[in-house]
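Work through the exercises below with the sequence and the model at hand. Each task is followed by a solution in steps.

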Amino acid sequence: CVVATTTLVSAFLGDLPVDVSPVPMISDTFVRAPASYVARAGVAAVACLLLVTTLLVRSFLKAFACEDGSRKDAAFWRRVTECHSCVGAAAALALLVVAAVNDRENLPAHFAAASVFFIGTWLWHLCVFVQLCAHRSVTDAKSLQWKCVCVVISGVSLAAFFAMCGVSLARFYEPIALCEWLAAVSIGGFTWSLGAELDGNAAGSAFAESILAAPPIPGRGMSLGSVWRGRAPDEGELLDVLVASASDE
């Protein structure tokens, strides 16, 4: 929505490089005011939401997508979750830099931050997808298919984007811009689809019921897990819960 708004505003004011290509680079849609004001606030807000999403997905995966196998497997998946969550968080922070510095103010800084955002987010999505494939009880085939399509499209688009940027941005401006838009849309589609897992709508009923019936896990203090609904609630039953560990003190 933010990029669509900046594109419409820039097009209305004639600030898009239509003489170069009918398809602009995303960064070229928020170079001048007032589109730049919208982008600084809007993209920064998106970056903050992405950071929160990364932390929520981390908690969800640690609570529900690490414990299916042996203790050794669980430890491995917990380490994987921590690693790809750090990558996702770094990508979200890089997006803050993209919002703060446009390509006319400091092109190297803007391009470097955008590269970290795109590559980091794709790596995070890829790892989340692989982890969900290894723990299918917390998701379903339709959700995995959607995520697979998004990961493939964004991966191919980014590969083509950086390959053509390495040759000549001016020569391949239009296909580079198309690749950037495809990558952005597919990244947004994957992130949006994570709501299916966080809501519990993608999990099988047997898994949801096992979560509801499971006793509290002893631990130290409380740790945020996932906003979980699972199966449809019975009368007087509250299913929207935060998965928390009980204090052992």
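**Exercise 1: Confidence**

Over residues 216–249 the pLDDT (the predictor's confidence in each residue, from 0 to 100) stays under 50, and the model has 67 contacts for this stretch beyond four places in sequence; contact means heavy atoms within 4.5 Å. This is a predicted model, in which local features need pLDDT of at least 70, side-chain atom pairs count only at pLDDT 80 or more, and totals for chains, interfaces and linings use all residues. Residues are numbered from 1 along each chain as its sequence is written, and side-chain values use heavy atoms, with hydrogens and water left out.

Task: Which elements of the protein chain have the lowest and the highest mean pLDDT?

Solution.
Step 1. Take the chain as a whole: its mean pLDDT is 76, and 65% of its residues reach 70 or more.
Step 2. Rank the elements. Strand 3 (residues 241–242) has the lowest mean pLDDT, 38, and helix 5 (residues 141–167) has the highest, 94.
Step 3. Add the stretch 204–212, where pLDDT is below 50; the model gives this stretch 13 contacts beyond near neighbours in sequence.

**Exercise 2: Elements and chain totals**

Task: State how many helices and strands the protein chain has, and give their order.

Solution.
Step 1. Apply the assignment rule: helices (H or I, at least four residues) and strands (E, at least two) are DSSP runs, numbered from the N terminus.
Step 2. Count the elements: there are seven helices and four strands.
Step 3. Read the order from the N terminus, which is α-α-α-α-α-α-α-β-β-β-β.
Step 4. Turn to the contacts with a separation of 6 or more: 70% of them join residues 24 or more positions apart.
Step 5. Turn to the surface. The protein chain exposes about 13,100 Å² (Shrake-Rupley method with a 1.4 Å probe; for residues, only the protein chains shown count as cover), and carbon and sulfur atoms supply 69% of this area.

**Exercise 3: Nonpolar cores**

Task: Which helix gives the largest share of the largest nonpolar core?

Solution.
Step 1. Define the set: a nonpolar core consists of buried Ala, Val, Leu, Ile, Met, Phe, Trp, Tyr and Cys residues joined through side-chain atoms within 4.5 Å. Buried means under 20% relative accessible area, exposed over 50%, and partly exposed in between (1.4 Å probe, protein chains only). Buried residues make up 41% of the 249 residues in the chain.
Step 2. Find the centre of the contacts: the largest core has 32 residues, of which V57, L61, F117, V128 and F190 touch the most other members.
Step 3. List the elements that give two or more residues to this core: helix 2 (35–64), helix 3 (71–100), helix 4 (107–134), helix 5 and helix 6. The largest share, eight residues, comes from helix 4.
Step 4. Follow one member. Not counting residues up to four places away in sequence, F117 touches L50, A91, A94 and L95.
Step 5. Another core, of seven residues, lies apart from the largest one; its members include M164, Y173, I176 and A177.

**Exercise 4: Two polar residues**

Task: Is Q131 buried or exposed, and which side chain does its own side chain contact?

Solution.
Step 1. Locate Q131 in helix 4.
Step 2. Classify Q131: its relative accessibility is 0%, so the residue counts as buried.
Step 3. List its contacts beyond four places in sequence: L61, A65, C66, W77, V80, T81 and H84. L61 is 70 residues away along the chain, with a C-alpha separation of 8.2 Å from Q131.
Step 4. Pick out the polar contact (a pair of N or O atoms within 3.5 Å; within protein, one must be able to donate a hydrogen and the other to accept it, and residues adjacent in sequence count only if both atoms are side-chain atoms). The side chain of Q131 makes one with the side chain of T81, at 2.9 Å.

Task: Which backbone oxygen lies 2.9 Å from a polar atom of the S186 side chain?

Solution.
Step 1. Locate S186 in helix 6 (residues 173–199).
Step 2. Classify S186: the residue is buried, at 6% relative accessible area.
Step 3. Identify the oxygen, which belongs to L182.
Step 4. Add the residues that S186 touches beyond four places in sequence: C150, I153 and S154.

**Exercise 5: Cysteines**

Task: How many disulfides does a search of the whole structure find?

Solution.
Step 1. Use the cut-off: a disulfide is a pair of cysteine sulfur atoms within 2.5 Å.
Step 2. The search finds zero.
Step 3. Check C133: the nearest cysteine sulfur, that of C148, is 7.4 Å away. C133 is partly exposed, at 24% relative accessible area.
Step 4. Check C179: the nearest cysteine sulfur, that of C165, is 8.9 Å away. C179 counts as buried, at 12% relative accessibility.
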